[in-house]
Amino acid sequence: MCGIVGYIGKKEAYPILIKGLKRLEYRGYDSAGVALSDQNGIHLCKTRGKVDDLSAKCEHLEKSPRIGLGHTRWATHGEPSDVNSHPHYSNSGDLVIIHNGIIENYDPLRKELMNRGYSFTSETDTEVLVNLIEDVMVNEEVKLGKAVQVALNQTIGAYAIAVMDKKKPNEIVVARLGSPLAIGVGDDEYFIASDATPFIEYTKDAIYLNDGEMAVLRTHKPLKIRNIKDDSLIDPYVQKLQMNLDQIEKGGYDHFMLKEIFEQPSAIADTYRGRMLADRGIINMSGIEDNLDKFRNAKRIIIAACGTSWHAGLVAEYIFEDIARTPVEVEYASEFRYRNPIIGEGDVLIAISQSGETADTMAAIEIAKQNGAFVFGVCNVVGSSISRASHAGAYTHAGPEIGVASTKAFTTQITILSLIALRIGKEKGNLSKTEYFSYLRELELIPDKIKKSLVSNDHIYLVADAYKNAKNCLYLGRGFNFPVALEGALKLKEISYIHAEGYPAAEMKHGPIALIDEEMPVVVIATKLGHYEKVVSNIQEIKSRKGKIIAIVTEGDEQVKEMADHTIEVPETHEAFTPLLTTIPLQLLSYHIAVMLGRNVDQPRNLAKSVTVE
Ligand code: F6R
């Protein structure tokens, strides 16, 4: 939620900030702003709306300054408006701040500052923070870096911030707790951003600040990182970025979401590349090998995640129980953190997160760690908070996912979790050699089978056209494909704004069947392996109530074809891997419907890609 970007160096800051904000827009896009600093002061331009609106508004801004900050917002405190947009000035106009996160105790701080004569133009917690910093600077007569540190020690909440002082046009102070902050290190220049995408073409050297760390960035001076609480100096760890520019551009597709759907064959191959040698029966992931005992002896595996990642966790529950024979519980991280969960030594918590920044999932990790459980992170974003907070983990290597609706993250998460389950299943002796090899060989074929599924795109476009005006939609699946039904429904509602629900097919008769009439499209996952006959009966029940059936079937299926209004074929595979194929047409169906309805597919309303607030 919210993207922050900054630059200090020899180049003009403005184009770097605007380009950076465009890349971070997935994190929030209800308002945007920039601040540029030079000898004449700090010049600020901000607006409700997107980064394109900001560029239009900033046309007359003096663009020569070499230091600046930018922000793209997902509103938490205060509605999206020009006034609530970042950056925010302090009362004197000397300081300017950008902030991603939430200052939870902003209300008492605000009241205290008002008692001391401060006034506020916005409703944001951020404006409180910048004035608190100013107050410390004035009262304690300290420099900006120290004032930021003292002020942050009075706050409760989460932040990634960058602050500039009008009187020091060669300095930016940054700090983080709970929200991500990467520093790109160039040749006598620094870039700041919520992730590395804004500076990838300028430098491959990045420092990811850890929670509770701050840094003062100045030209002609080495960077210094300090612990916010105890002021100790911390050695910067410079990481080499693997990402390249092509990965974060649309590459000829109309939308990132479509590009990312079509990237799934290569993304899945990247997930298992170097980790699985199917013909030799090898699965080798250091995070697993180093902790094999923990997985082998686990009393229980608890999976904590949110949204689509939670759906991947549900698929993994079926796979783990089937192959690894370890009991699994799948938890919404947001619920888990506020229960009094029974978890302790001998339990393994797998935290799944594309962004690696989801606040609820982070909180679940902390609880698990406090109680002595072993935490394994499955993340896509390298260097993300969750990957660092976990005891061990595995990256999905899906490449940057920029469309807000998760697609390739889901299928690569299932892939890596399948590999883990297979490795443990083998270790525990649950699989015969033949079974084990056949799983591996089948997994290796999945990228090609997804390519075959993607060929149905034109056909799916026609199906989308037939149902684009539906008001509601049901998704049904059983077994491994029940979570796919949930995921299909989530994809449709989040990008098309059509109401959709996913159910286990057999649950239909316990309530949802009352909704079925000739207006109700029902998407049924009816692949051959996976309680086929039972699902066929469910289809009959829908048909006899005049519901419209869109069935996802195995290639060559004739029985369902005769009953359904539309069928979409996917190749046959092991039952455990069917979600990797059946998900594809559901993603495409949602995509086409959303485009036909004129929705902003990559940036649906009210959403953000990285949910760093509760
Ligand atoms: C849906 C979607 C969200 C995320 C959820 C968790 O398409 O993208 O439901 O899956 O916010 O995000 P991560 O995986 O980054 O923790």
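**Exercise 1. How many residues surround the ligand, and which are the closest?**

The structure is a predicted model, in which local features need pLDDT of at least 70 and side-chain atom pairs count only at pLDDT 80 or more, while totals for chains, interfaces and linings use all residues. Residues are numbered from 1 along each chain as its sequence is written, and side-chain values use heavy atoms, with hydrogens and water left out.

Step 1. Take as near any residue with a heavy atom within 4 Å of the ligand.

Step 2. The ligand is surrounded by 15 residues, and the closest are Ser309, Ser353, Ser355, Thr358 and Glu494.

Step 3. Sort the shell by class: five residues are nonpolar, eight polar and two charged. Here Ala, Val, Leu, Ile, Met, Phe, Trp, Tyr, Cys and Pro count as nonpolar, Asp, Glu, Lys and Arg as charged, and the others, Gly among them, as polar.

**Exercise 2. Find polar contacts of the ligand.**

Step 1. Look for pairs of N or O atoms within 3.5 Å.

Step 2. In the side chain of serine 309, an N or O atom is 2.6 Å from a ligand oxygen. For the side chain of serine 353, the distance from an N or O atom to a ligand oxygen is 2.6 Å.

Step 3. On the backbone, a polar atom of valine 404 is 3.3 Å from an oxygen atom of the ligand.

**Exercise 3. Describe the peptide bond before proline 87 and the phi of aspartate 188.**

Step 1. Most residues other than glycine have a negative phi, and most peptide bonds are trans.

Step 2. The bond from histidine 86 to proline 87 is cis, with omega near 0°.

Step 3. Aspartate 188, a residue other than glycine, has a positive phi, near 50°.

Terms used: Polar contact = N/O pair within 3.5 Å; in protein donor to acceptor, adjacent residues only side chain to side chain.
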